[in-house]
Amino acid sequence: MVVLEVRDLRARYSASGPEILKGISFRVEADDFFAIIGPSGAGKSTLIRCINRLVEPSGGEILFFDREVTTLRGRQLRLLRRDIGMIFQEFNLIDRMSVMDNVLSGRLGYTGNLRTLFRAFPRDDIQHALSLLDRVGLLEFVDKRADELSGGQRQRVGIARALMQTPKLLLLDEPTSALDPKISREVMALIKQMATELEVPCLCNIHDVQLAMEFCNKIIGLQDGNKMFDGPTGEMDQAKLNEIYAMEVL
Amino acid sequence: MSDILASPAPKPTVVDILRSRRQNRYAKGAFFGLLLIMVMWSVKVTVIEDTDWERIGSVAKVIEAANRFIGIDFSLFPSLLGPTIETLMIACLGTLLGVILCIPAAWFGALNITPYKPVTYPLSRLMMTLSRSIHEIVWALFFVAAVGLGPLAGVLALAVRSIGFIAKMSAEAIEDIDPGPVDAIRAAGGNDFQVVIYGVLPQVLPQVLSVIIFEWEINIRRSAILGMVGAGGLGLVFFRQMNTFNFHGVTSVIIAILLLIMLGEVFSYFIRKTVI
């Protein structure tokens with residue numbers, strides 16, 4: 001089943017600015033763990049942020065379960081966003097709030113303003129948050145402030161927060177770039193495991209080709225806003241990698 | 001750029017340098033000379049010509065007049081307790097109401113979250129400027145005229161006077177936040193209100209609290225004089241002592257004000273330490 005289909009996606013940050021994405025097309029199936037690789041500035045982050053409209057595309061179509069995303073506004077857009085979880089490079093946690101409040105904030109799309117004001121989440125949400133925190137191994141940190149945790153722990157909170165949305169798609173924007181190699185592998189393994197278990201397809205920006213080859217079943221190679229490669233991980237080889245990264249000065 | 005490269009500045013000679021130094025000195029001399037003339041003129045017009053020298057009399061008489069304030073009217077203290085508490089209450093309620101008025105002002109005045117920039121941003125800036133450029137006594141006169149004599153006028157005056165500083169500092173704190181958490185709340189499907197409550201507020205809270213405490217401390221000072229224009233508190237007692245020539249009573253009131261302000265400073269020091 002096709003979860004996400006992107007057709008001829010284009011993006012630029014200002015009307016006169018350079019085009020960051022120059023007509024990207026691909027599709028994500030229900031059991032995919034999709035990697036987007038490419039050098040810095042290739043447009044990986046922009047591409048992923050277009051999917052949930054944190055960045056406005058300037059052209060093309062994005063179909064999420066056959067529904068056009070680029071024209072959604074207001075409440076419809078918020079309903080779309082709560083179906084798409086996102087994990088960030090810099091974790092983007094609320095530092096001065098507890099781990100629990102951070103995980104529960106993944107539920108805001110389902111929560112009314114009055115409950116938001118008093119941080120009064122339904123019992124089911126709290127139960128769900130606790131079980132997710134248990135799964136990511138942070139149960140004993142529930143009441144700690146988010147800024148007291150280490151990088152790896154913070155990203156685990158980010159994972160729990162994204163899964164709290166019961167998403168139908170996970171967007172991962174360089175989830176391991178701020179972490180050391182060992183923790184990176186652990187975090188990727190955790191994401192992969194949880195995604196498989198909950199049957200959530202993933203679309204993952206990653207600049208570490210090793211990790212991409214190891215964890216993902218399909219790869220898109222971006223270079224300067226163009227798609228250079230799109231296929232199963234097995235078809236990727238050194239020659240193609242060299243081509244994708246040709247413009248990067250090493 | 002290109003013509004600078006094409007013709008490099010000619011190397012100055014010793015004569016040139018001496019001439020430019022001399023010109024520099026003349027310019028400086030002229031500037032300070034002009035400044036001196038302006039100060040002297042101001043003193044002549046405002047102090048020498050506008051003071052009733054006859055009334056002041058000799059130096060001894062000036063000292064004698066000032067001496068009248070030395071001494072404390074202890075009998076006044078019991079009746080100062082009420083007005084002192086009232087002064088403190090005016091400061092607290094004024095600050096609280098000011099904080100409430102600041103919520104829209106800070107929200108509209110922060111460029112990154114202002115709802116509709118062409119309208120809401122100038123509106124907020126107008127509120128802030130108006131609040132700060134009018135003195136609290138003038139605000140108090142205005143509100144005494146509007147709601148009559150008494151502490152309510154003082155509370156309203158301080159509230160309006162507080163908007164400027166609290167809202168400006170809060171809006172600046174909001175403009176400096178890390179956009180990451182805001183993205184995260186948006187990505188989870190949060191609405192604008194939820195973005196503010198979860199993404200913005202926790203980040204700016206320490207700074208905003210510190211500003212509020214600071215403003216509260218200033219408001220104690222302000223509320224101590226508002227009574228002079230009929231807006232309640234110690235100022236009214238002060239004014240009455242002055243009018244009845246009870247100069248020792250004036251000193252008593254000043255001591256009460258001093259004690260209250262010191263209390264406020266000590267208190268705000270401890271809150272600041274625990275909260276921030």
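The following questions and answers concern a predicted model with chains A and B. Residues are numbered from 1 along each chain as its sequence is written, and chains are lettered from A, with ligands numbered from 1, in the order in which they are written. In this predicted model local features need pLDDT of at least 70 and side-chain atom pairs count only at pLDDT 80 or more, whereas totals for chains, interfaces and linings use all residues.

Student: Which element gives the most to the side of chain B that touches chain A?
Tutor: The contact, in which C-beta atoms placed from the backbone lie within 7 Å, takes 17 residues from chain B and 22 residues from chain A. Two elements of chain B, α9 (179-187) and α10 (192-226), give two or more residues to the side that touches chain A, helices being DSSP runs of H or I with at least four residues, numbered from the N terminus. With seven residues, the element that gives the most is α9(B).

Student: Which element of chain B do the buried residues of α2(A) pack against?
Tutor: In helix α2 (residues 74-82) of chain A, the residues A:Leu80, A:Arg81 and A:Arg82 are buried, that is, 20 or more other C-beta atoms, placed from the backbone, lie within 10 Å of their own. These buried residues pack against the chain A strands (DSSP runs of E, at least two residues) β4 (59-64) and β6 (84-87), together with, from chain B, α9.

Student: What separates the centres of domain 1 and domain 2 of chain B?
Tutor: The domain bounds, which come from an automatic or database domain assignment, give domain 1 (2-48) and domain 2 (74-275) in chain B. Taken over C-alpha atoms, the separation of their centres is 46 Å.

Definitions and conventions. Buried ≥ 20, exposed ≤ 12 C-beta atoms within 10 Å, placed from the backbone.
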